[in-house]
Amino acid sequence: NKISSSNALEYVKVGTEVLTDYDEETKTYNAFIPADSISVTLEAKAVNSYATVSAEDASAVGLVTTPVDTDSDLTKVTIEVTAEDGNKETYTVNLRKISTDNTAKAVYVNGNVVKPDENGKYIAKVPNTDDNARLKVVATSDYAKVQIENFSEEIKTSVQYVTLSENKVTTVNVIITAQDGTKNAFEVELEKVSEDVRISSILIDGIDKTTYDEETKTYTAYI
């Protein structure tokens, strides 16, 4: 019989799940595991039943099964497959815990950063002449979803133009949903403010006795 040079993997399992997220270029498998996971069972099978498969401290011909400690948020496991002719290939398995992070990294209104107050509410001032405001919400986690009002959920970041109500304050509802499904709902208040800094009149003894020069922005009073 010919000695095989195959060092390919037929599959990798975590628990009972066959991993399908695989990057051929980097020989890397990716999998998400529960946030409270402390250990998983990894199984790797070679295409050639005579190849040797090694993972963690375990090694076997054809197929290897081994426990993997998953205390960290990201656990990397190296699998080595040695063909009958000695040719080796190394594979990596990234075991990443599902994120529970549903917090906001940043909130922007019309391009300006808005910080939460002591009650966790975001309040921003907008010109009272505007009909809408540009609201951008960025989640802390790359896997979280952001929803502004009734607009569609978006991964990590959502940017929407929010219509301002006729009232002085427009309240915008935001929900950030973590990868594990837990939600964080909060409000962004958009408060209309006037940008008019003009003086309507200057009264002296209750009577307007002034003239105004627009070019020099100067009032002159006659008494």
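Here are some notes on this predicted model, going from the whole chain down to single residues.

1. **Overall make-up.** If you are looking for helices, there are none: the secondary structure comes to zero helices and 23 strands. The chain has 223 residues, and 33% of them count as buried. About 13,700 Å² of the chain is exposed, with carbon and sulfur atoms supplying 46% of that area. Take the contacts in the chain with a separation of 6 or more: residues 24 or more positions apart account for 57% of them.

2. **The largest nonpolar core.** This core has 22 residues, and the members that touch the most others are Val12, Leu42, Ile79, Val93 and Leu95. Several strands each put in at least two residues, among them E1 (9–14), E4 (28–33), E8 (63–69), E9 (74–82) and E10 (88–97). The biggest giver is E5, with four residues. For a feel of the packing, click on Leu95: beyond its neighbours within four places in sequence, Leu95 is in contact with Val14, Ala31, Ile33, Val40, Val68, Thr70, Asp73, Leu74, Thr75 and Val77.

3. **A second core.** Apart from that one lies another core, this time of 21 residues. Val137, Val146, Val172 and Leu190 are among its members.

4. **A five-stranded open sheet.** The strands run in the order E13-E19-E18-E15-E16, and the pairing is mixed. E13 (122–127) and E16 sit at the edges with a single partner strand each, so one side of each has no neighbour in the sheet. Further in, E15 and E18 (residues 169–177) pair in the antiparallel sense over four bridges. On that theme, Ile148 stands opposite Val174 in E18.

5. **Aromatic pairs.** The structure holds three of these. One of them is Phe32 with Tyr143: the ring centres are 5.2 Å apart and the planes are at 85°, so this pair is edge-to-face. Phe32 belongs to strand E4 and Tyr143 to the loop between E14 and E15, so the pair ties together parts that are 111 residues apart in sequence. Neither ring residue is buried: Phe32 is partly exposed at 37% relative accessibility, and Tyr143 is partly exposed at 33%. Another pair, Tyr122 with Phe186, is tilted, at 5.3 Å centre to centre with 45° between the planes. This pair also links distant parts of the chain, with Tyr122 in strand E13 and Phe186 in strand E19 (residues 183–193), 64 residues apart. Here both residues, Tyr122 and Phe186, are buried.

6. **Ser141, in a loop but buried.** Ser141 lies in the loop between strand E14 (132–139) and strand E15 (145–148). So is Ser141 buried or exposed? Its relative accessibility is 9%, and the cut-off for buried is under 20%, so Ser141 counts as buried. Leaving out residues up to four places away in sequence, Ser141 touches Ser99, Asp101 and Lys156. With Ser99 there is also a polar contact, side chain to side chain, at 3.4 Å.

7. **Phe151, in the next loop along.** Phe151 is found in the loop between E15 and strand E16 (154–155). Phe151 has a relative accessible area of 33%, which makes this residue partly exposed. Setting aside neighbours within four places in sequence, Phe151 is in contact with Gln160 and Tyr161. If you want a distance to check on screen, the C-alpha atoms of Phe151 and Val174 are 9.9 Å apart, with their positions 23 residues apart in sequence.

8. **Gln160, on the other side of that contact.** Gln160 lies in strand E17 (residues 157–163). You might wonder where a Gln like this ends up: Gln160 counts as buried, at 13% relative accessibility. The side chains of Gln160 and Glu154 are joined by a polar contact of 3.3 Å. Away from its sequence neighbours within four places, Gln160 is in contact with Ala133, Arg134, Leu135, Ile148, Phe151 and Glu154. Ile148 is the residue from point 4 that stands opposite Val174.

Technical notes: Residues are numbered from 1 along each chain as its sequence is written. This is a predicted model: local features need pLDDT of at least 70, side-chain atom pairs count only at pLDDT 80 or more; totals for chains, interfaces and linings use all residues. Side-chain values use heavy atoms; hydrogens and water are left out. Buried means under 20% relative accessible area, exposed over 50%, partly exposed in between (1.4 Å probe, protein chains only). A polar contact is a pair of N or O atoms within 3.5 Å; within protein, one must be able to donate a hydrogen and the other to accept it, and residues adjacent in sequence count only if both atoms are side-chain atoms. Contact means heavy atoms within 4.5 Å. A nonpolar core is a set of buried Ala, Val, Leu, Ile, Met, Phe, Trp, Tyr and Cys residues joined through side-chain atoms within 4.5 Å. Two strands pair if DSSP finds at least two bridges between them. Accessible areas come from the Shrake-Rupley method with a 1.4 Å probe; for residues, only the protein chains shown count as cover. Rings of Phe, Tyr and Trp (its six-membered ring) pair if their centres lie within 6.5 Å; planes under 30 degrees apart count as stacked, over 60 as edge-to-face and the rest as tilted.
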